[in-house]
Amino acid sequence: MGSEAPMKILLVSYPAQGHINPLLRLAKSLAAKGSSVIFTTTEQAGKSMLTVKNITNKTVTPIGDGSLTFELFHDGLSDDDPIKINLGAYSDQLELVGKQFVSQIIKNHAESNKPISCLINNPFLPWVCDVAAEHEIPSALLWIQSSAVLAAYYNYSNKLVRFPTETEPYIDVQLSSVVLKYNEIPDFLHPFSSYPFLRALILEQIKNLSKVLYILVDSYEELEHEFIDYLSKKSIFIKPVGPLFNNPKAKDASNIPSDFVKSNDCDTIEWLNSKSPDSVVYISFGTIVYLPQEQVDEIAYGLLSSKVSFLWVLKQPLKELGLKPHVLPDGFLEETNGRGKVVNWSPQVEVLAHPSVACFITHCGWNSSLEALTLGVPMLTFPAWGDQVTNAKFLVDVFGVGIRLGYGMAANKLVTRDEVKKCLLEATSGEKAEELKQNAIKWKKAAEEAVAVGGSSDRNLDAFLKDIKKRGAFNIQKI
């Protein structure tokens with residue numbers, strides 16, 4: 001009878017929107033296939049998310065054949081503690097508190113005869129696999145960036161190819177069949193990076209790859225087969241299981257949010273309904289990226305002179321960073337009234353799936369890039385840092401769905417209104433726009449096939465669950 005009980009899987013997420021989103025999507029997909037999934041992150045991040053849909057901590061929500069429960073932990077700090085904006089100190093604190101909390105969950109379930117079968121974490125929490133090993137539980141990593149970026153970090157960590165150094169900062173990097181210029185590698189790896197701590201944190205996770213049973217990737221075989229094959233040959237047990245947001249079985253879990261902000265969904269979608277097909281440019285730079293005011297002005301003037309319709313997500317900067325809210329040029333809203341809409345937040349997947357959206361000006365975070373690829377939307381790439389600069393390279397030169405607009409913050413280069421106008425017009429009408437759209441539709445079709453029953457990502461998720469189940473049965477026999 002015990003063997004028929006649903007398998008329990010514990011997911012531990014770093015408390016940031018871009019990390020929670022893909023891991024929560026994986027949680028829904030695993031639950032839809034019959035697992036009993038527990039999702040844990042900090043109370044501050046979790047509460048922001050749960051209040052959006054009035055879900056409470058520890059409530060069991062049925063999804064498909066399984067269920068999802070949130071168990072949140074307090075990070076031991078007040079909400080406005082300055083440590084929270086010091087990534088190094090905050091990561092140490094998360095490790096200290098998180099290790100104890102995760103261990104306690106494992107013990108509680110073991111004592112009540114409902115043992116945890118597997119732990120899954122996302123990057124920035126490299127200690128989770130150590131907790132799993134301590135309790136003799138298999139663990140997996142959900143890599144939330146592309147397989148190509150994983151290959152870059154792996155090559156750097158193991159010194160397999162030459163990367164820029166302080167003495168040779170401008171050399172190219174040969175990554176499989178793709179050559180990345182010095183400003184196209186994940187820029188945490190560049191010697192001049194402003195974020196050496198993030199480099200150290202991600203490389204810590206790369207060093208721990210041998211401790212995890214699987215690397216699950218929010219990507220799909222057809223999109224990145226070359227890098228998936230490359231990593232597999234390095235004895236990394238990598239399984240693409242994405243695009244996770246598009247998993248048809250998990251879509252009935254739409255009452256479980258991942259956004260931290262309530263958006264006026266109806267108002268935004270109604271506005272899009274009033275626009276003709278392929279006529280609106282959607283603009284959003286994710287949850288963290290903050291553009292200089294001067295750059296916001298240039299984008300605004302480019303939109304004015306191009307006369308395109310647009311939906312622009314101009315969010316307030318994170319309070320704790322102490323940055324000034326952006327302002328739009330005088331008369332901008334009046335002059336664009338009717339053809340333009342500026343909002344604080346938007347239901348991004350619904351927006352990208354809307355037939356009126358022609359293209360997407362994006363910061364090229366992997367979540368946003370994958371959503372647009374999967375929904376067949378061409379992009380204007382405007383990366384800031386980290387993997388975004390690498391994603392931009394692939395969107396433009398490898399996947400053929402983008403036009404390069406921005407250069408990454410390290411370049412410190414203002415994109416002028418004339419460049420914005422030129423790229424907007426190129427991406428929304430004419431031969432280039434048609435070529436981008438055809439390529440985007442090709443990737444959309446491949447993504448839909450990957451997550452459909454029997455598709456490559458669906459099979460990989462089934463194989464993962466089957467293996468975890470088998471290992472659990474083996475451990476029970478040993479006892």
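Two strands count as paired when DSSP finds at least two bridges between them. That idea helps with the close-up of strand E6 below, and please keep in mind throughout that this is a predicted model.

**Figure 1. Welcome to the whole chain, with its 16 helices and 16 strands.** The radius of gyration is 22 Å, close to the 23 Å that the globule rule gives for 479 residues, so the chain is as compact as a globular protein of that length. Along its principal axes, the C-alpha trace spans about 70 × 55 × 50 Å. Of the 479 residues, 57% are buried. How much of the contact network joins residues at least 24 apart in sequence? Among contacts between residues at least 6 apart, the share is 71%.

**Figure 2. Strand E6, residues 139-143, is mostly covered.** Five of its five residues are buried. In a regular strand the side chains alternate between the two faces of the sheet. Here, Ser139, Leu141 and Trp143 point one way from E6, while Ala140 and Leu142 point the other way. Both groups are made up of buried residues.

**Figure 3. Strand E6 has parallel partners in E5 and E9.** Strand E5, which covers residues 116-121, is joined to E6 by three bridges. A helpful place to look is Asn121, which stands opposite Leu141 in E6. To get from E5 to E6, the chain passes through helix H4 (residues 128-134), and this β-α-β crossover is right-handed. With strand E9 (residues 214-217), E6 pairs over four bridges. In that pairing, Trp143 sits opposite Val217 of E9.

**Figure 4. Thr362 is a buried residue in strand E14.** The strand covers residues 357-362. Why does Thr362 count as buried? Its relative accessibility is 0%, and the cut-off for a buried residue is under 20%. Leaving out residues up to four places away in sequence, Thr362 touches Ser284, Phe285 and Ser368. It also touches a run of residues from further along: Met379, Leu380, Thr381, Phe382 and Pro383.

**Figure 5. Helix H14 has a buried face and, on its other side, exposed residues.** This helix takes in residues 417-428, twelve in number. From its first C-alpha to its last it reaches 16 Å, close to the 16 Å expected at 1.5 Å a residue. Which of its residues are buried? They are Val420, Cys423, Leu424 and Ala427. Seen down the axis of H14, the buried residues fall within an arc of 105°, so they line one face of the helix. Asp418 and Lys422, on the other side, are exposed.

**Figure 6. The buried residues of H14 have several packing partners.** Among the strands they pack against are E11 (280-284) and E14, along with E15 (379-381) and E16 (402-404). Two helices, H9 (293-306) and H15 (431-451), are also partners. After H14 comes Gly430, whose phi is positive, near 100°.

**Figure 7. Lys341 is a lysine in strand E13, and it is buried.** Strand E13 covers residues 340-343. At 15% relative accessibility, Lys341 counts as buried, because the cut-off is under 20%. Setting aside neighbours within four places in sequence, Lys341 is in contact with Asp267, Thr268 and Trp271, and also with Phe310, Leu311 and Trp312. Val313 lies 28 residues away from Lys341 along the chain, yet the C-alpha atoms of the two are separated by 8.6 Å.

**Figure 8. Three loops hold backbone details worth a look: Pro243, Asn113 and Asp278.** Most residues other than glycine have a negative phi, and most peptide bonds are trans. Gly242 and Pro243, however, are joined by a cis peptide bond with omega about 0°. Pro243 belongs to the loop between strand E10 (238-240) and helix H8 (265-273). Asn113 has a positive phi, near 65°, without being a glycine. Its loop runs between helix H3 (87-111) and E5. Is Asn113 buried or exposed? With a relative accessible area of 68%, Asn113 is exposed. Asp278, also not a glycine, has a positive phi of about 50°. You can find Asp278 in the loop between H8 and E11, where it is partly exposed, with a relative accessible area of 40%.

Definitions and conventions. Residues numbered from 1 in each chain as written. Predicted model: local features only at pLDDT ≥ 70, side-chain atom pairs only at ≥ 80, totals over all residues. Heavy atoms only, no water. Buried < 20%, exposed > 50% of the residue type's maximum accessible area, 1.4 Å probe, protein only. Right-handed = clockwise from strand over helix to strand, strands pointing away. Contact = heavy atoms within 4.5 Å. Expected span 1.5 Å × (residues − 1). Arc of directions from axis to C-beta. Rg over C-alpha atoms; globule rule 2.2 N^0.38 Å.
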